[in-house]
2 protein chains.
Amino acid sequence: MSAENKNKALELNPNVSVDCVIFGFDFDQLHCLVIDSGLSKTTGRSRLAVPGDLIYDNETLDEAAKRVLKELTGIDNIYLEQVGAFGDPNRMGKESDKEWLKSLRAEPDARVITVAYFSLVKMNDFNPEASSFAESAGWAPIKEIDELAFDHSEILESALGQLKRKIKIQPIGFNLLPQKFTLSQLHKLYESILNKPLDKRNFRRKILNLQILTPLNEKQVGVPHKPSQLFEFNEENYQKLSSEGFDNFGF
Amino acid sequence: MSAENKNKALELNPNVSVDCVIFGFDFDQLHCLVIDSGLSKTTGRSRLAVPGDLIYDNETLDEAAKRVLKELTGIDNIYLEQVGAFGDPNRMGKESDKEWLKSLRAEPDARVITVAYFSLVKMNDFNPEASSFAESAGWAPIKEIDELAFDHSEILESALGQLKRKIKIQPIGFNLLPQKFTLSQLHKLYESILNKPLDKRNFRRKILNLQILTPLNEKQVGVPHKPSQLFEFNEENYQKLSSEGFDNFGF
DNA sequence: TTTGAAAGTGTGTTAATGACACACAGCTAA
DNA sequence: TTAGCTGTGTGTCATTAACACACTTTCAAA
């Protein structure tokens with residue numbers, strides 16, 4: 001083992017992986033980035049998963065998550081937040097996952113625990129481009145995702161839960177919306193994440209009270225209805241609230 | 001490797017450990033359970049850590065945490081909640097940890113990521129008894145803990161943070177207080193955890209509004225001041241609030 | 001019987017919340 | 001030009017929660 005250690009910078013750790021749940025928003029629904037095994041040709045069934053892979057022995061978990069995301073989707077330079085570790089010994093034991101696993105791993109039977117991360121990105125900024133073992137990569141509406149490979153459904157569920165909790169104590173949207181956006185878009189984002197309707201007027205009141213929005217002297221153009229006021233985030237206050245947190249957004 | 005796999009039920013996974021941050025309360029301050037390396041005799045410095053060890057390949061992370069806690073301290077049958085994974089490649093790289101590590105591990109240089117758990121227990125119910133490689137185990141007041149071995153200070157910090165967050169959305173105390181307790185004791189518990197004073201009357205009002213306390217027809221006896229009313233938790237409502245959560249306890 | 005120590009209790013003020021409905025601007029298509 | 005559609009934008013009121021604040025009660029011990 002000590003001989004191996006000399007070289008460990010280059011070695012994949014066979015027992016630990018990272019998985020990345022990337023949320024995106026298209027002004028309508030919340031999406032999640034998934035990769036496809038490309039096995040549907042042979043098996044008739046596609047296997048979807050969130051991007052993830054084994055870590056190297058010389059990188060931190062955070063670094064591994066960033067690297068893996070980049071390798072599999074081309075997405076770079078985003079902030080990832082840890083969700084937690086998932087380590088059921090049978091988490092990769094589904095029959096339907098076996099084939100993919102064999103094609104992926106040098107030791108397909110090794111016991112792997114995974115550390116999940118999540119992030120929020122503007123969907124349009126990131127056109128995921130599959131590479132490495134991902135046959136394809138793309139955005140899937142959360143509501144339409146039914147089964148994912150391995151324990152990725154559980155991981156997605158957990159990440160979503162964390163996002164719902166986070167939304168109550170920190171501002172969000174900065175990473176999901178374009179620089180200029182309307183209150184309706186932000187409103188819809190909150191509704192998509194919490195998956196329930198929120199009263200429009202109360203929403204506006206509360207979000208404006210947070211003092212994180214700067215109204216612009218600009219309106220939407222080209223919409224088939226009254227154009228709405230555009231806002232941008234007040235970066236200073238947004239950061240302040242992000243780091244301090246607030247007690248309760250209260251929905 | 002496939003030969004090894006046959007036997008993996010019996011094998012420690014060299015790359016993954018669990019660590020348990022156990023909080024206890026003595027009606028005065030918040031404590032944390034720590035074990036001692038017993039190396040102070042030889043090195044002159046004691047090394048304190050929270051109980052933790054490598055996992056077996058056939059157990060879940062949750063099971064591993066329970067097992068390890070039991071092996072090192074005798075504490076059994078408590079609910080542990082995951083805090084997260086810690087995986088800096090140098091997390092066990094301190095010079096001062098080397099000696100202990102060598103005595104502990106078959107592969108002291110292996111890269112280990114750890115999954116941290118935390119729990120709350122009644123201090124008096126658990127007189128930790130050191131065993132396995134723990135030379136001694138005992139309760140240390142949080143405030144007096146300065147340096148722990150490995151990255152355990154960071155882990156403790158993180159667990160404490162999670163506890164502070166949890167306290168706002170779920171009732172706590174059931175696992176930290178005896179069956180019958182006073183509001184002052186509960187009050188002090190909250191102050192200890194949040195590490196700041198809370199207004200007595202507002203605290204009483206809020207906690208009573210939660211409907212999780214049943215007043216008893218009993219008072220303290222033998223105290224040199226007005227004896228206070230005893231309460232117990234209303235288990236049904238407590239469980240209900242535990243699982244549903246509330247939006248904000250608001251301190 | 002006095003003293004010290006903590007328990008216990010009530011009120012007024014202010015801020016936040018949730019429920020609720022309608023008029024208007026701008027576009028499109030007839 | 002007009003009618004119709006779609007989404008924008010706005011205010012009030014009743015209820016509830018948050019907060020700040022001070023005095024009296026009870027007991028044990030000296």
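**Chatting through a protein and two DNA strands**

Trainee: In chain A, what share of the contacts with a separation of 6 or more comes from residues 24 or more positions apart?

Mentor: That share is 73%. Keep in mind as we go that this is a predicted model.

Trainee: Okay, what's chain A built from?

Mentor: Eight helices and nine strands. If you draw a box along the principal axes, the C-alpha atoms of chain A fill roughly 65 × 40 × 30 Å.

Trainee: And how much of chain A counts as buried?

Mentor: 50% of its 251 residues. Chain A also exposes about 12,300 Å², and carbon and sulfur atoms supply 46% of that area.

Trainee: What about charges, how many positive and negative side chains are there in chain A?

Mentor: You'll find 31 positive and 37 negative ones, with the centres of the two sets 8 Å apart.

Trainee: Let's look at the DNA. Which residues are closest to strand D?

Mentor: Ser184(A) and Arg204(A) from one chain, plus Arg205(B), Val223(B) and Lys226(B) from the other. In total, 19 residues surround DNA strand D.

Trainee: Which parts of strand D come within 4 Å of the protein, sugar or phosphate, or bases?

Mentor: Both. Of the atoms of DNA strand D within 4 Å of the protein, 44% belong to sugar or phosphate, and the rest belong to bases.

Trainee: Which side chains get to a base nitrogen of strand D?

Mentor: Lys200(A) is one of them: an N or O atom in its side chain is 2.9 Å from a base nitrogen of DNA strand D. Arg205(B) is another, with a side-chain N or O atom 2.7 Å from a base nitrogen. Lys226(B) uses its backbone instead, where a polar atom sits 2.7 Å from a base oxygen of the strand. As for elements, α7 (200–209) of chain A and α7 (200–209) of chain B are the ones that give two or more residues to the surface near DNA strand D.

Trainee: Now the other strand. How many residues surround DNA strand C?

Mentor: 21, and the closest are Arg205(A), Lys206(A), Ser184(B), Ser228(B) and Gln229(B). Of the atoms of DNA strand C that come within 4 Å of the protein, sugar and phosphate account for 44%.

Trainee: Which residues have a side-chain atom by a phosphate oxygen of strand C?

Mentor: Among them are three to look up. Lys206(A) has a polar side-chain atom 2.8 Å from a phosphate oxygen of DNA strand C. For Ser184(B), the distance from a side-chain N or O atom to a phosphate oxygen is 2.4 Å. Arg204(B) has a polar side-chain atom 3.4 Å from a phosphate oxygen. For the surface near DNA strand C, α7 of chain A and α7 of chain B each supply at least two residues.

Trainee: Switching to the protein itself. Where is Asn13(A)?

Mentor: In strand β1 (residues 12–25) of chain A. Its side chain reaches the backbone nitrogen of Asn15(A) at 2.9 Å. Setting aside residues up to four places away in sequence, Asn13(A) touches residues of chain A, including Leu54(A) and Tyr56(A), as well as Asn15(B) and Arg111(B).

Trainee: Buried or exposed?

Mentor: Asn13(A) is buried, because its relative accessible area is 1% and buried means under 20%.

Trainee: What about Ala65(A), which helix is it in?

Mentor: Helix α3 (residues 61–73) of chain A. Ala65(A) is buried too, with a relative accessible area of 0%. Its C-alpha is 5.7 Å from that of Val18(A), although the two are 47 residues apart along the chain. Beyond its sequence neighbours up to four places away, Ala65(A) touches Val18(A), Cys20(A), Leu80(A) and Tyr117(A).

Trainee: And Ser119(A), where does that lie?

Mentor: In strand β6 (residues 113–122) of chain A. Ser119(A) counts as buried, at 3% relative accessibility. Outside the neighbours within four places in sequence, its contacts include Val21(A), Phe23(A) and Leu80(A).

Trainee: Last one: what's the phi of Gln211(A)?

Mentor: About 65°, which is positive, and Gln211(A) is not a glycine. Most residues other than glycine have a negative phi. Gln211(A) is in the loop between α7 and β8 (213–219) of chain A, and it's exposed at 53% relative accessible area. Asn77(B) has a positive phi as well, near 65°. Asn77(B) is in the loop between α3 (61–73) and β5 (81–86) of chain B, and its relative accessible area of 67% makes it exposed.

Conventions: Residues are numbered from 1 along each chain as its sequence is written. Chains are lettered from A and ligands numbered from 1 in the order in which they are written. This is a predicted model: local features need pLDDT of at least 70, side-chain atom pairs count only at pLDDT 80 or more; totals for chains, interfaces and linings use all residues. Side-chain values use heavy atoms; hydrogens and water are left out. Helices (H or I, at least four residues) and strands (E, at least two) are DSSP runs, numbered from the N terminus. Buried means under 20% relative accessible area, exposed over 50%, partly exposed in between (1.4 Å probe, protein chains only). Contact means heavy atoms within 4.5 Å. Accessible areas come from the Shrake-Rupley method with a 1.4 Å probe; for residues, only the protein chains shown count as cover. Lys and Arg count as positive and Asp and Glu as negative; His and the chain ends are not counted. The place of a charge is taken as NZ of Lys, CZ of Arg, CG of Asp or CD of Glu. A residue is near a molecule or strand if one of its heavy atoms lies within 4 Å of it. A polar contact is a pair of N or O atoms within 3.5 Å; within protein, one must be able to donate a hydrogen and the other to accept it, and residues adjacent in sequence count only if both atoms are side-chain atoms.
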